[in-house]
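Colleague: I would like to go through some of the labels attached to this model and hear the reasoning behind each one. Please begin with a pair of helices.

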Amino acid sequence: MRVAIVTESFPPDVNGVAHCAWQTARHLRRRGHEPLVVTPAGAGPASGDPDGAPCPVVRVPSLPLPGYPQVRVALPGRRLAGALAAHRPDVVHLASPFVLGARGMAAAARLGVPAVAVYQTDLGGYARTYLGTGEGVAWRRIRAVHRAADRTLAPSTAAARDLIGHGVPRVWLWPRGVDSERFHPAHRDLELRRALAPGGELIVGYVGRLAPEKRVELLAPVCALPGVRVVVVGDGPHAARLRAALPGARFLGTRTGRELARIFASLDVFVHPGPQETFCQTVQEAQASGVPVVAPAAGGPLDLVEHLRTGLLVRPHDAEALREAVLTLESGRRRRAEYGLAGRRSVLGRTWTVVGDLLLRHYADVLAERAARPAACSAP
């Protein structure tokens with residue numbers, strides 16, 4: 001099977017949409033298929049990936065994302081249509097389509113091949129957060145693009161509910177995979193822990209973009225707890241502001257690959273305060289690392305965190321609830337160990353191989369549905 005994967009943004013070591021596209025291409029190649037990835041120009045293989053590009057890559061003109069130059073966003077142009085026509089795909093896979101993905105959808109229609117649209121980014125919520133307006137416009141665009149797809153794949157039940165509620169048809173669940181060998185409790189590093197918390201403090205970590213929608217500033221009351229050290233991994237437009245808002249926190253910048261896995265495994269508690277996650281990949285990576293999770297009871301974490309078993313779910317936007325959750329785990333070492341072990345077990349069936357095979361079934365279904373259409377239309 002030939003599959004053209006069009007990803008709206010890059011690179012995969014700092015961008016969840018691109019990371020998922022890269023893992024998809026790698027799985028397709030392992031299964032004997034022929035993927036092509038179309039990405040923004042200026043993006044090489046993931047810096048944390050020694051294997052480099054998993055398949056042929058076509059780069060289209062792009063611009064750095066305003067305020068976050070580490071991520072590049074593709075611009076529409078003729079190169080996309082030409083690349084798809086030359087590849088002769090059986091299926092076009094659109095990763096978080098909005099601008100480039102919409103052009104990919106049109107190109108798939110001209111080629112007469114089915115398109116699978118993967119919803120990964122709450123663009124309506126982003127419009128509300130960054131602009132204070134435009135949420136309705138963003139959803140009209142999302143609805144128009146996804147209605148043209150043969151199938152929309154949502155990463156969580158909350159995301160699927162949002163899509164259906166906004167009039168998107170043919171919505172199916174497709175979660176994200178996690179590398180449970182790279183992210184593993186065995187990578188816990190006592191020397192790193194001493195460097196991060198020389199006084200033996202409880203290490204509470206956040207990993208992700210430092211951007212408004214992540215609500216990392218809600219960790220301020222956690223920073224004020226005695227005996228607790230907050231560690232922040234990532235970069236983004238709010239980095240400077242967060243350094244001022246979280247006194248005493250250790251900011252490590254962007255980390256990838258084995259180094260990131262070592263940091264995850266060396267945490268005592270992982271906290272993700274953002275309420276707008278359609279999935280939340282870092283929650284899975286923390287769980288694979290054997291670390292208990294604190295997250296808001298909203299969006300993707302509702303599918304990932306089992307309250308009082310693998311971690312704690314708290315009221316969204318509530319800094320004091322985050323503080324109380326960390327206090328609960330700080331005083332319960334045995335509870336932390338039990339949650340971490342249960343979290344690890346919960347992700348062992350969510351490898352990229354398992355998730356990739358689920359995706360292949362979605363491809364097979366849309367191909368079968370397309371093949372059945374002419375017969376259905378000609379039936380008496």
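Modeller: Helices α13 and α14 are roughly perpendicular to each other. Bear in mind throughout that this is a predicted model.

Colleague: Why are α13 and α14 called roughly perpendicular?

Modeller: Their axes cross at roughly 100 degrees. The label covers angles of 65 to 115 degrees, so α13 and α14 count as roughly perpendicular. The axes of α13 (residues 319-330) and α14 come within 6 Å.

Colleague: Which residues of α13 and α14 meet?

Modeller: On the α13 side they are T328, L329 and E330. On the α14 side they are R333, R335, R336 and Y339. By class, this contact has 2 nonpolar, 1 polar and 4 charged residues.

Colleague: What makes Y339 and L329 nonpolar here?

Modeller: The classification lists Tyr and Leu among the nonpolar residues. Arg and Glu count as charged.

Colleague: Helix α14 also packs against α11. How do you know that α11 and α14 are roughly perpendicular?

Modeller: The angle between α11 (residues 281-288) and α14 (residues 333-347) is about 115 degrees, with the axes 7 Å apart. The range for roughly perpendicular is 65 to 115 degrees, and α11 and α14 are therefore given that label. The crossing of α11 past α14 is left-handed. Helix α11 contributes Q284, Q287 and A288 to the contact, and α14 contributes G340, G343, R344, S346 and V347.

Colleague: How does the contact of α11 with α14 divide by class?

Modeller: There are 2 nonpolar, 5 polar and 1 charged residues. Gly is counted as polar in this scheme.

Colleague: Turn to helix α2. Which of its residues are buried?

Modeller: In α2 (residues 78-87), the buried residues are L80, A83, L84 and H87.

Colleague: What puts the buried residues on the same side of α2?

Modeller: Around the axis they cover an arc of only 95 degrees, which places them on the same side of α2. As background, an α-helix has 3.6 residues a turn, so residues three or four places apart point the same way.

Colleague: What covers that buried side, and which exposed residues are on the face turned away from it?

Modeller: The cover includes the strands β1 (2-7), β3 (34-40), β4 (57-60) and β7 (91-95), together with helix α3 (100-111). The face turned away carries the exposed residues R78 and A86. After α2 comes R88, which has a positive phi near 55 degrees.

Colleague: Is K214 buried or exposed, and how do you know?

Modeller: K214 has 6% relative accessibility. Buried means under 20%, so K214 counts as buried. K214 lies in the loop between β11 (202-207) and α8 (220-223). Leaving aside residues up to four places away in sequence, K214 touches Y206, R209, H272, P273, G274 and E277.

Colleague: Why is R215 called partly exposed?

Modeller: The relative accessible area of R215 is 23%. That value falls between the cut-offs of 20% and 50%, so the label is partly exposed. R215 is also in the loop between β11 and α8. Its phi is near 55 degrees, a positive value in a residue other than glycine.

Colleague: What makes L308 exposed?

Modeller: L308 has 54% relative accessibility, and exposed means over 50%, so L308 is exposed. L308 is in the loop between α12 (301-304) and β16 (311-314). L308 is not a glycine, yet has a positive phi of about 70 degrees.

Colleague: Why does P247 count as exposed?

Modeller: The value for P247 is 55%, set against a cut-off of over 50%, so P247 counts as exposed. P247 sits in the loop between α9 (239-245) and β13 (250-253). Although 27 residues apart in sequence, P247 and A220 are 7.8 Å apart in space, C-alpha to C-alpha.

Colleague: Last, how do you know that C20 and F10 are buried?

Modeller: C20 has 3% relative accessibility and F10 has 1%. The limit for buried is under 20%, so C20 and F10 count as buried. C20 belongs to helix α1 (residues 16-30), and F10 to strand β2 (residues 9-10). Beyond residues up to four places away in sequence, C20 touches Q120, W174, R176 and W352.

Definitions and conventions
Residues are numbered from 1 along each chain as its sequence is written. This is a predicted model: local features need pLDDT of at least 70, side-chain atom pairs count only at pLDDT 80 or more; totals for chains, interfaces and linings use all residues. Side-chain values use heavy atoms; hydrogens and water are left out. Buried means under 20% relative accessible area, exposed over 50%, partly exposed in between (1.4 Å probe, protein chains only). Helices (H or I, at least four residues) and strands (E, at least two) are DSSP runs, numbered from the N terminus. The arc is that of the directions from the helix axis to the C-beta atoms. Contact means heavy atoms within 4.5 Å. Axes are lines fitted to C-alpha atoms, for helices over the stretch in contact, and angles run from 0 to 180 degrees between N-to-C directions. Angles under 35 degrees count as roughly parallel, over 145 as roughly antiparallel, 65 to 115 as roughly perpendicular and the rest as oblique. A crossing is left-handed if the near helix is turned anticlockwise from the far one by less than a right angle, and right-handed if clockwise.
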